[in-house]
Amino acid sequence: MNRIWIITKNNLKLIFRNRSMLILTVLGTLLVIACVANAFHSLLDNAERDEGFTVGYEMQEGSKYAPAEPFWIEGMRNENITVVTFKDADPEKIIKENDIDVFVLFGKDSYQLTGNKKSELDTRIVQYVLYNMDMSMNGAVGKMNLPARSLPTEKIAGAENYYGLVEIVYFMSICSIFLVLIYRTERKSNIWLRFRISSCGSTGWYLGKYISCVLTAWVIQIGLILAMVLLLFDVHLGRPLVSIGVLMLAAMAYAAYGIIFLAIFENSAASIALMFMTLWFAGLFGGSFETYMYSSYPETLRKLSPTYYVNRTLVELSVNGSSDYLLPCVGILTLMIVVLVPVGMLITAKKEEA
Amino acid sequence: MSKTVVKLDGLIKKYDNKAVVDGISLEIKEGEIFGLLGPNGAGKSTTMNMICSLLKPTAGSIELFGMDIKKENNKIKPLIGYIPQDLAIYGKLKAWENVELFTSLYGIKGKALKDAIDESLKFVELEDKRNAFAGTFSGGMKRRLNIACALGHKPKLLIFDEPTVGIDPQSRNFILDRIKTSNKNGTTVIYTSHYMEEVEAICSRVAIMDNGKIIACGTKDELKNMVRKDPNEEISLEQVFLTLTGKKLRDYVEG
């Protein structure tokens, strides 16, 4: 146990003295979050939109909708939708100039809706209200029910919140990169011979690497980067303790996965390339580069990626405070640790014998 | 009579049915500086790797300090210090941190560890540079630190694998002097080098290996007498080596 701690402490020294790698990890994560959150800002923020908006309308003379006008106004206002009346209006001009999100022109027997691309969801809400108004008028106008807020608008994370969480997970998935230089140095100068000749076995050597990698991921990626992301971006954890627990478990699983590549291949470049490639695909299917909500990849592929479970759990915890994916996520990560750590030990021992 | 520190008996190591070490038997006594010579690919490194338990022999036995390496490896390991040909030190660690790491792997801690670090660095005259990063050292300083890292746990048997490659004459002389000093302090030494004058200067006995076999073994004079035609002929160890192993180039591919 003492020898494992000696090797761990030594590896931590080496990792934390490699400042360029640490700075690159911190800046890389923050930069990617800022870039992708900005790129997908409009998509996710429109879907998420929850605050009220403004509807302008003009009731033309003789419109069959005139009797329902007081109910229409009251109903919309009750739902935190501001209603503004216009006369002889040019809908497109009004939307451009008057900060109106949607305009409704009630004609004699029909109505015309105008909105812009930015207010697509608002327009759909108003359209749904008008459809219901039409239905109500076929029965009794006075019983009109405005279901605007009961529309099935899925509650999803904003772009910064979503990408803030999933990019931390993605960068954590490649946390074994912290060990690349150590493996390279030890192989290049045959330092590993000293470990083998000493009383330190291959298990101690492996665990020294694994523990130092996990501790670094916890300190740098959960401690430092997550704190910075929470401060700099609009990111919420929902249930902080549970989310941090999931992240810590993810660091343990991904470290075990990455070290296998470093242990198998003598060539550091090959190790990094193969590890990065597999984790990139796991991230791609898991929602690291496009949201899992609007993913263009089949459900089966997504569910093959452990990253998907981690991302989904963290995002749902953030938005809803709970997630049905929490248990499967914890199960998959635990399974990864339980299987991959012994595999890593075995490969290290076999390489030693070779 | 001196105790036997290393005893190899019918040692064989095969790769793909090809014997790299082919049934060697050898005894090294306590207090010797034993030179192991041979052209590239002769089997020296494989033999040393088996003595250090880095490789398992295909057949034969190895006894160190009277203990079977297979059965009592954990007792044997703290008695061996290995100085590899490569600079097996971390450039990103300070000199004392390098010695601390490799000494503490043998379970040495506390004051004993601190004293061991001080002694080892003093022995190689790097005590003034203890807080400097090894990566900033010159080639000769790195070589000395490489040696210090193997001394901290006070081994009884030191194995040097070409420790003077690529350094200036001053550093080389210093290292050879330190090897003789540690030998005087009671450490048995196994030394390999391609520099014959070094072996001639420090070794008490020499074995010459070729094609996985020991083709000659004895004191320097005994070896010289093997090839000396005229009793008054001045002969160097290099001449002995070339006479026994031939002048043909040895191209050797690892693996």
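## The mixed sheet of chain B

In this predicted model, strands β7 (residues 157-161) and β8 (residues 188-192) of chain B run parallel to each other and are joined by 5 bridges. Within that pairing, B:Phe160 sits opposite B:Tyr191 of β8(B).

Zoom out and the two strands turn out to belong to an open sheet of 6 strands in chain B, with the order β6-β7-β8-β3-β9-β10 and mixed pairing. The edges are taken by β6 and β10 (213-219) of chain B; each has a single partner strand, so one side of each has no neighbour in the sheet. From one strand to the next, the twist averages 15°.

Two helices of chain B lie across part of this sheet. Helix α8 (residues 220-227) of chain B covers β9 (205-210) and β10 of chain B, at about 115° to β10(B). Helix α9 (residues 237-245) of chain B crosses β3 (33-37), β9 and β10 of chain B, and runs at about 30° to β9(B).

## The antiparallel sheet of chain B

Chain B also has an open sheet of 4 strands, ordered β2-β1-β4-β5, and here the pairing is antiparallel. Its edge strands are β2 (18-29) and β5 (67-68) of chain B, each pairing on one side only. Helix α1 (residues 44-51) of chain B packs on this sheet, where it touches β1, β2 and β4 of chain B, and its direction makes about 120° with that of β1(B).

What holds β1 and β4 of chain B in register on paper? The link between β1 (residues 4-15) and β4 (residues 59-64) of chain B is a set of 5 bridges, with the strands running antiparallel. B:Asp9, for instance, stands opposite B:Ser61 in β4(B).

## Domains of chain B

The domain assignment cuts chain B into domain 1 (1-25 + 59-71), domain 2 (78-203) and domain 3 (214-255). Taken over C-alpha atoms, the centres of domain 1 and domain 2 of chain B are 26 Å apart.

## Chain A and the cores

Chain A has 15 helices and 4 strands. It runs to 354 residues, 42% of which count as buried. Of the contacts in chain A with a separation of 6 or more, 74% are between residues 24 or more positions apart.

Now for the nonpolar cores. The largest has 142 residues, and the members that touch the most others are A:Met172, A:Ala250, A:Ala251, A:Ala255, A:Ala256 and B:Ile159. Helix α11 (residues 240-264) of chain A gives this core its largest share, 15 residues. Leaving out residues up to four places away in sequence, A:Met172 touches A:Ala217, A:Gln221, A:Leu247, A:Ala250, A:Ala251 and A:Tyr254. A second core, separate from that one, has 18 residues, including A:Ile95, A:Val104, A:Ile125 and A:Val126. As background, nonpolar side chains tend to be buried together in soluble globular proteins.

## Where the chains meet

How many residues of each chain take part in the contact? On the chain B side there are 21 residues, in contact with 18 residues of chain A. The elements of chain B that supply two or more residues to its side are β6 (80-83) and α3 (95-104). The largest share, 3 residues, comes from α3(B). By type, the chain B side divides into 15 nonpolar, 3 polar and 3 charged residues.

Technical notes:
Residues numbered from 1 in each chain as written. Chains lettered and ligands numbered in written order. Predicted model: local features only at pLDDT ≥ 70, side-chain atom pairs only at ≥ 80, totals over all residues. Pairing = 2+ DSSP bridges. Contact = placed C-beta atoms within 7 Å. Axes fitted to C-alpha atoms, helices over the stretch in contact; angles between N-to-C directions. Domains from an automatic or database assignment. Buried ≥ 20, exposed ≤ 12 C-beta atoms within 10 Å, placed from the backbone. Core = buried A, V, L, I, M, F, W, Y, C linked by C-beta atoms within 7 Å. Nonpolar A, V, L, I, M, F, W, Y, C, P; charged D, E, K, R; others polar.
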